[in-house]
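Here is a short briefing on a structure. Please keep the sequence and the model in view while reading.

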Amino acid sequence: MARTVTVAQVIARARKRADMVHTRFISEADALEMLNECYGELYDLLVASFQNYFVASENITLVPGTVAYDLPDDHYKTIALEL
């Protein structure tokens, strides 16, 4: 069963656990920045533990004279490149 939690709920839960519900010692912007950093660290750990689970393939047609190509929006890192 999936549970959906919003960013605002995660921040509210963190404030409650830290006994900081009625204080703005950490601004909403700072809380969001910290949450994003922790999410990135968690994602790194998941990818390191389950490397092949997150692998996807992409084919790119090379065009003469083109030196830059857009990566997919969900690109995290490149594992291999075959030419």
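The points below cover helix packing, salt bridges, a loop residue and a surface patch.

This is a predicted model. Helices H1 and H2 pack against each other at an angle of about 100°. Two salt bridges are counted, and they form a network of Arg15, Arg24 and Glu28. A nonpolar patch on the surface has about 560 Å² of accessible area.

**Helix packing**

- Helix H1 covers residues 7-17, and helix H2 covers residues 28-49.
- Their axes lie 11 Å apart, at an angle of about 100°. That makes H1 roughly perpendicular to H2.
- On the H1 side, the residues in contact are Val7, Val10, Ile11 and Arg15.
- Their partners in H2 are Glu28, Ala31, Leu32 and Leu35.
- Arg15 and Glu28 thus appear in the helix contact and also in the salt-bridge network.

**Salt bridges**

- Side chains of opposite charge can pair when their charged atoms come close.
- Glu28 and Arg15 form a salt bridge, with 3.1 Å from N to O. Glu28 lies in H2 and Arg15 in H1, so this pair ties together parts that are 13 residues apart in sequence.
- Arg24 and Glu28 form a salt bridge as well, at 3.9 Å from N to O. That distance falls within the 4 Å cut-off, so the pair counts.
- Glu28 takes part in the bridge to Arg15 and in the bridge to Arg24. The three residues are therefore linked in a network.

**Exposure across the network**

- Arg15 has 9% relative accessibility and counts as buried, because the limit for buried is under 20%.
- Glu28 is partly exposed, at 42%.
- Arg24 is exposed, at 54% relative accessibility.
- The network therefore includes a buried residue, a partly exposed residue and an exposed residue.

**Loop between H1 and H2**

- Asp19 sits in the loop between H1 and H2.
- Its phi is near 55°. This is a positive value in a residue other than glycine.
- Asp19 is exposed, with 71% relative accessibility.

**Nonpolar surface patch**

- Which residues form the nonpolar patch on the surface? They are Ile60, Leu62, Val63, Tyr69 and Leu83.
- Together they have about 560 Å² of accessible area.
- Val63, one of the patch residues, is placed in the segment after H2.
- Val63 is partly exposed, with a relative accessible area of 43%. Patch residues need over 30%, so Val63 meets that limit.

Definitions and conventions
Residues are numbered from 1 along each chain as its sequence is written. This is a predicted model: local features need pLDDT of at least 70, side-chain atom pairs count only at pLDDT 80 or more; totals for chains, interfaces and linings use all residues. Side-chain values use heavy atoms; hydrogens and water are left out. A salt bridge is a side-chain nitrogen of Lys or Arg within 4 Å of a carboxyl oxygen of Asp or Glu. Helices (H or I, at least four residues) and strands (E, at least two) are DSSP runs, numbered from the N terminus. Buried means under 20% relative accessible area, exposed over 50%, partly exposed in between (1.4 Å probe, protein chains only). Patches are made of residues with over 30% relative accessible area and no salt bridge: like charges are joined within 9 Å, nonpolar side chains (Val, Leu, Ile, Met, Phe, Trp, Tyr) within 5 Å. Accessible areas come from the Shrake-Rupley method with a 1.4 Å probe; for residues, only the protein chains shown count as cover. Axes are lines fitted to C-alpha atoms, for helices over the stretch in contact, and angles run from 0 to 180 degrees between N-to-C directions. Angles under 35 degrees count as roughly parallel, over 145 as roughly antiparallel, 65 to 115 as roughly perpendicular and the rest as oblique. Contact means heavy atoms within 4.5 Å.
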